[in-house]
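This briefing covers a single protein model and is meant to be read beside its sequence and coordinates.

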Amino acid sequence: MHTTTYRESRTRIETYFDRTAVQAWTRLTSDAPVGRIRATVRAGRDRMRTTLLDWLPHDLRGARVLDAGCGTGAFAVEAARRGADVVAIDLSPTLVGLARERLPADLGAGRIDFRVGDMSDAAAAGPFDHVVAMDSLIHYRLADSVRVLGAFAANCTGSIAFTFAPRTKLLAAMHAVGRLFPRGDRAPAIEPVRPEALRAELAREAGLARWAPARTLHVASGFYQSQALELVRR
């Protein structure tokens, strides 16, 4: 399951979010003031999170949800407030620790099990009614990302919603600008994907043979460019 390219990407992501960018992500995922560029990223992430929540049933009581790549836990909290039993996992012990610190007391009937680890391994903790992977696959090569989606599908009975970075001229230009920053300040490279290439790869993945693309939405907010895609059982 875990190819060499997947493991290499996972190591870079873990290092970045657990060491290099902890302070930046702590501020970005809070309501603290941020600069203009990061404000557009925050707004984009907020809109994307709202979209993925809107794709889930409003009443999640009795449902199990996997938040794959939970970061500081914002999505997990909102799903739990709808009554879901959420397994929220992230590679970064620091971000998971921050998520636990921020956990509100008013979750109602829902609950969250925060874990540190690999999101594809967490799929074995299923079955899940829904799996959500917001901006957690965008740093992996297309083939590796689709294999992870296949692992989700093996233990999911309802829907899988994930995001990818659509290959556009604007995104390519932003990548070029990003290469001007000092190496230590750079985020792990995003792997832009052509939507048609993604759909072709999804169709070839044996683990997704009984799944089909459904809703999709592109969110563009300054330096935040991401597209959501929902998979549902045929």
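The points below cover the sheet, the helices that pack on it, and the salt bridges. The model is predicted. It contains an open sheet of seven strands with mixed pairing, and the structure holds 13 salt bridges.

**Sheet**

- The strand order in the sheet is S3-S2-S1-S4-S5-S7-S6.
- The edge positions belong to strand S3 (111-116) and strand S6 (211-221); each has a single partner strand, so one side of each lacks a neighbour in the sheet.
- From one strand to the next, the twist averages 15 degrees.
- Edge strand S6 pairs with strand S7 (residues 224-233) in the antiparallel sense, over nine bridges.
- Within this pairing, His 218 has Gln 227 in S7 as its bridge partner.

**Helices H3 and H4**

- Helix H3 lies across strand S4 (128-133), strand S5 (156-164), S6 and S7, and runs at about 155 degrees to S6.
- Helix H4 lies across strand S1 (64-68), strand S2 (85-90), S3 and S4, and runs at about 155 degrees to S3.
- The axes of H3 (residues 36-54) and H4 (residues 74-81) come within 11 Å and cross at roughly 35 degrees, in a right-handed crossing.
- At the contact, Arg 49, Leu 52 and Leu 53 of H3 meet Ala 74, Phe 75, Glu 78 and Ala 79 of H4.
- By class, five residues of this contact are nonpolar, two are charged and none is polar.

**Salt bridge within H3**

- Arg 49, one of the H3 residues that meet H4, also forms a salt bridge with Asp 46 (3.0 Å, N to O).
- Both residues lie in H3, three residues apart, or about one turn of the helix.
- Arg 49 counts as buried because its relative accessibility is 16%, under the 20% cut-off.
- Asp 46 is partly exposed, with a relative accessible area of 35%.

**Salt bridge between S1 and S2**

- Asp 85 and Arg 64 form a salt bridge in which the closest N and O atoms are 3.9 Å apart.
- Asp 85 lies in strand S2 and Arg 64 in strand S1, so the pair ties together parts 21 residues apart in sequence.
- Asp 85 is partly exposed at 22% relative accessibility, and Arg 64 is partly exposed at 23%.

**Salt bridge in H9, and a network**

- Arg 204 forms a salt bridge with Glu 201, with the closest N and O atoms 2.7 Å apart.
- These two residues are three apart in helix H9 (residues 195-204), about one helical turn.
- Arg 204 counts as exposed, at 59% relative accessibility.
- Elsewhere, salt bridges that share partners join Arg 64, Asp 85 and Arg 111 into one network.

Note on methods:
Residues are numbered from 1 along each chain as its sequence is written. This is a predicted model: local features need pLDDT of at least 70, side-chain atom pairs count only at pLDDT 80 or more; totals for chains, interfaces and linings use all residues. Side-chain values use heavy atoms; hydrogens and water are left out. Axes are lines fitted to C-alpha atoms, for helices over the stretch in contact, and angles run from 0 to 180 degrees between N-to-C directions. Helices (H or I, at least four residues) and strands (E, at least two) are DSSP runs, numbered from the N terminus. A crossing is left-handed if the near helix is turned anticlockwise from the far one by less than a right angle, and right-handed if clockwise. Contact means heavy atoms within 4.5 Å. Ala, Val, Leu, Ile, Met, Phe, Trp, Tyr, Cys and Pro count as nonpolar, Asp, Glu, Lys and Arg as charged, and the others, Gly among them, as polar. Two strands pair if DSSP finds at least two bridges between them. A salt bridge is a side-chain nitrogen of Lys or Arg within 4 Å of a carboxyl oxygen of Asp or Glu. Buried means under 20% relative accessible area, exposed over 50%, partly exposed in between (1.4 Å probe, protein chains only).
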